[in-house]
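Open the model in your viewer and keep the selection panel at hand. The tour goes stop by stop.

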Amino acid sequence: MYFIGIDIGTSSTKTSLFDERCELIRSYTKSYKTDYPHPGWSEQNPDVWYEAACEGISAVIKGIETSLVKGIGASGQMHGLVILDSEDRVIRPAILWNDGRTEDETKFLNEAVGQEKLSELTGNIAYAGFTAPKLLWLKKHEPENFGKIKKMMLPKDYINYRLTGVHSSDVSDASGTLLLDVKNRRWSQEMLDICGIADGQLPSLFESYECIGEVLPSEAKKLGLPEGVKVAAGAGDNAAAAIGTKTIGDGACNISLGTSGTVFIASDSFRADRNNGLHSFAHADGRYHLMACILSAASCNQWLMDKILLAEDYEKEQGMILPQELGNNRVFFLPYLMGERSPINDVNARGTFTGLSLETERKDLVLAVLEGVAFAIRDNVEIAGKLGIEIKESKVCGGGARSRLWLTILANVLNMRLRIPENEQGPSIGSAILAMVCCGVYADAAQACAQMEEAADFIEPVPSIAARYDEQYKKYSLLYPAMKPVFRAISQ
């Protein structure tokens with residue numbers, strides 16, 4: 001039997017074909033662009049995602065016995081606002097997770113409604129990237145479009161709708177809307193009232209591994225699929241990646257170095273961070289997790305290489321950095337290229353290089369970017385520690401995890417063992433596993449993960465390097481408080 005996993009990313013859609021033993025058969029990636037109509041805004045046309053998914057499905061099933069394809073699962077970038085009219089047509093481009101236009105709406109929710117009330121209703125406070133502030137922005141600035149909304153959904157939900165005709169969402173992805181009562185895994189009526197939307201405008205909720213329907217006959221014919229292929233509700237990309245890296249069970253941790261960076265901590269029960277530096281979300285395995293997100297991770301390195309250094313060979317640039325230079329860099333980088341979410345929640349924050357001198361070399365900038373992202377991730381691991389969560393080791397995934405140097409830096413900044421999964425499929429294998437559970441191949445995600453090989457490769461911190469990075473982190477921690485009023489001033 002075969003199962004398809006689709007990951008709707010910010011820069012591309014990755015479609016992969018797996019057998020029932022979770023072995024990768026074939027993978028296909030289709031890239032696309034993000035539109036930035038104004039500084040700090042970020043949008044994409046949902047139909048671009050579906051076209052990419054269709055191209056990917058057709059590519060990965062080419063040459064196989066298609067009657068053996070039994071299920072599809074999708075994961076996707078979280079928080080994006082997709083709105084449909086009464087005829088299920090997309091009303092406007094989707095406002096993405098890293099869009100920063102909702103400063104006023106986020107402030108209204110956190111101050112007028114109140115962080116304590118939001119935490120009570122949803123388990124979280126408002127962040128600019130969440131979906132609820134986007135709805136309030138749309139209501140104020142585009143009332144005509146707001147009035148046309150018949151259904152709203154998240155990016156991967158739109159793929160599922162196009163495949164099945166069913167308006168659905170899953171609890172892991174819905175957790176990031178600020179419309180979900182996460183603890184009780186249901187929409188919060190009070191939050192719907194605050195945002196001015198009706199329950200009927202929201203999709204039906206499912207657990208990630210539940211079946212929402214089958215691929216429509218017309219779509220199956222177009223894609224070359226047999227009729228009767230089941231579609232799982234799927235998951236947000238981080239929850240799907242956690243399934244794909246076997247990050248299940250109380251206290252298990254996964255760190256992602258993708259376009260954004262995340263710290264994902266699985267939990268058997270619901271728990272909330274009182275200060276809300278960490279998000280409290282539902283997990284795709286039917287339980288819960290805590291998560292922190294930095295908006296720019298691997299995208300910082302891509303920005304430096306592509307737009308500043310004009311370098312095509314990333315490995316060559318990193319190869320100039322010597323082992324003895326780790327923890328001794330005099331240049332520091334704040335990785336806030338799109339503002340920042342966890343833990344500072346500041347849409348005005350921006351990237352900075354600090355400590356430049358006439359002695360600064362090209363490789364110092366490269367090293368500073370890798371270190372800056374690692375320090376930003378440590379900011380959130382420190383919060384977990386204050387909650388009494390001791391993370392002794394973590395899985396790692398995402399494009400940035402292919403850099404051995406970056407993982408060495410991260411392991412030493414966190415003073416933590418990092419395990420590198422056997423495969424790099426992340427969300428796509430996780431979403432395929434959810435499809436397997438949906439089709440009854442496995443009883444649950446835990447059973448599927450149990451038969452997958454444990455990550456054999458790992459990176460250990462070196463005490464002397466970790467000690468140097470402790471001192472560097474203290475210096476890094478001084479930068480944002482000093483720059484915060486400057487960021488505010490230059491945003492005006």
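A polar contact is a pair of N or O atoms within 3.5 Å; within protein, one of them must be able to donate a hydrogen and the other to accept it. Keep that cut-off in mind for the opening stop. Remember too that this is a predicted model.

**Stop 1: Glu43**

Select Glu43. It sits in strand 4, residues 43-44. Now add Arg101. The side chains of Glu43 and Arg101 make a polar contact at 2.8 Å. Is Glu43 buried or exposed? Glu43 is buried, with a relative accessible area of 8%. Next, show what surrounds it. Setting aside neighbours within four places in sequence, Glu43 is in contact with Thr34, Asp35 and Pro37, with the run Arg92, Pro93, Ala94, Ile95 and Leu96, and with Arg101.

**Stop 2: two cysteines**

Select Cys22 and Cys449. How many disulfides does the structure hold? The count is zero. Cys22 is in no disulfide, and the nearest cysteine sulfur, that of Cys449, is 7.4 Å away. Cys449 is likewise in no disulfide, with the sulfur of Cys22 as its nearest cysteine sulfur. For a disulfide, the two sulfur atoms would have to be within 2.5 Å. Check the surroundings of each residue. Cys22 is buried, with a relative accessible area of 9%. Cys449 is buried too, at 2%.

**Stop 3: the seven-stranded sheet**

Switch to cartoon view. Look for an open sheet of seven strands with mixed pairing. Trace the strands in the order 18-19-17-16-22-23-24. Which strands form the edges? They are strand 18 (279-282) and strand 24 (457-459), each pairing on one side only. Turn the sheet to view its twist, which averages 30° from one strand to the next.

Now zoom in on the strand 24 edge. Strand 23, residues 417-420, runs antiparallel to strand 24, and three bridges join them. Select Leu418 and look across to strand 24: Ile459 stands opposite.

**Stop 4: helices across the sheet**

Select residues 362-386. This is helix 12, which lies across strand 16 (253-257), strand 17 (261-267) and strand 19 (288-294). Helix 12 runs at about 145° to strand 19.

Move to residues 404-414. This is helix 13, lying across strand 16, strand 22 (393-397), strand 23 and strand 24. Its angle to strand 24 is about 55°. Strand 16 is crossed by helix 12 and by helix 13.

**Stop 5: a cis peptide bond**

Select Ser342 and Pro343. The peptide bond that joins them is cis, with omega at about -5°. Where is Pro343 found? Look in the loop between strand 20 (332-334) and strand 21 (352-354).

**Stop 6: positive phi on either side of strand 10**

Select Leu178. Its phi is near 65°, a positive value in a residue other than glycine. Leu178 lies in the loop between helix 6 (171-174) and strand 10 (180-181). Leu178 is buried, with a relative accessible area of 1%.

Follow the chain through strand 10 to Arg185. Here phi is near 55°, again positive in a residue other than glycine. Arg185 is found in the loop between strand 10 and strand 11 (186-187). Is Arg185 buried or exposed? Arg185 is buried, with a relative accessible area of 16%.

Definitions and conventions
Residues are numbered from 1 along each chain as its sequence is written. This is a predicted model: local features need pLDDT of at least 70, side-chain atom pairs count only at pLDDT 80 or more; totals for chains, interfaces and linings use all residues. Side-chain values use heavy atoms; hydrogens and water are left out. Buried means under 20% relative accessible area, exposed over 50%, partly exposed in between (1.4 Å probe, protein chains only). Two strands pair if DSSP finds at least two bridges between them. Helices (H or I, at least four residues) and strands (E, at least two) are DSSP runs, numbered from the N terminus. Axes are lines fitted to C-alpha atoms, for helices over the stretch in contact, and angles run from 0 to 180 degrees between N-to-C directions. Contact means heavy atoms within 4.5 Å.
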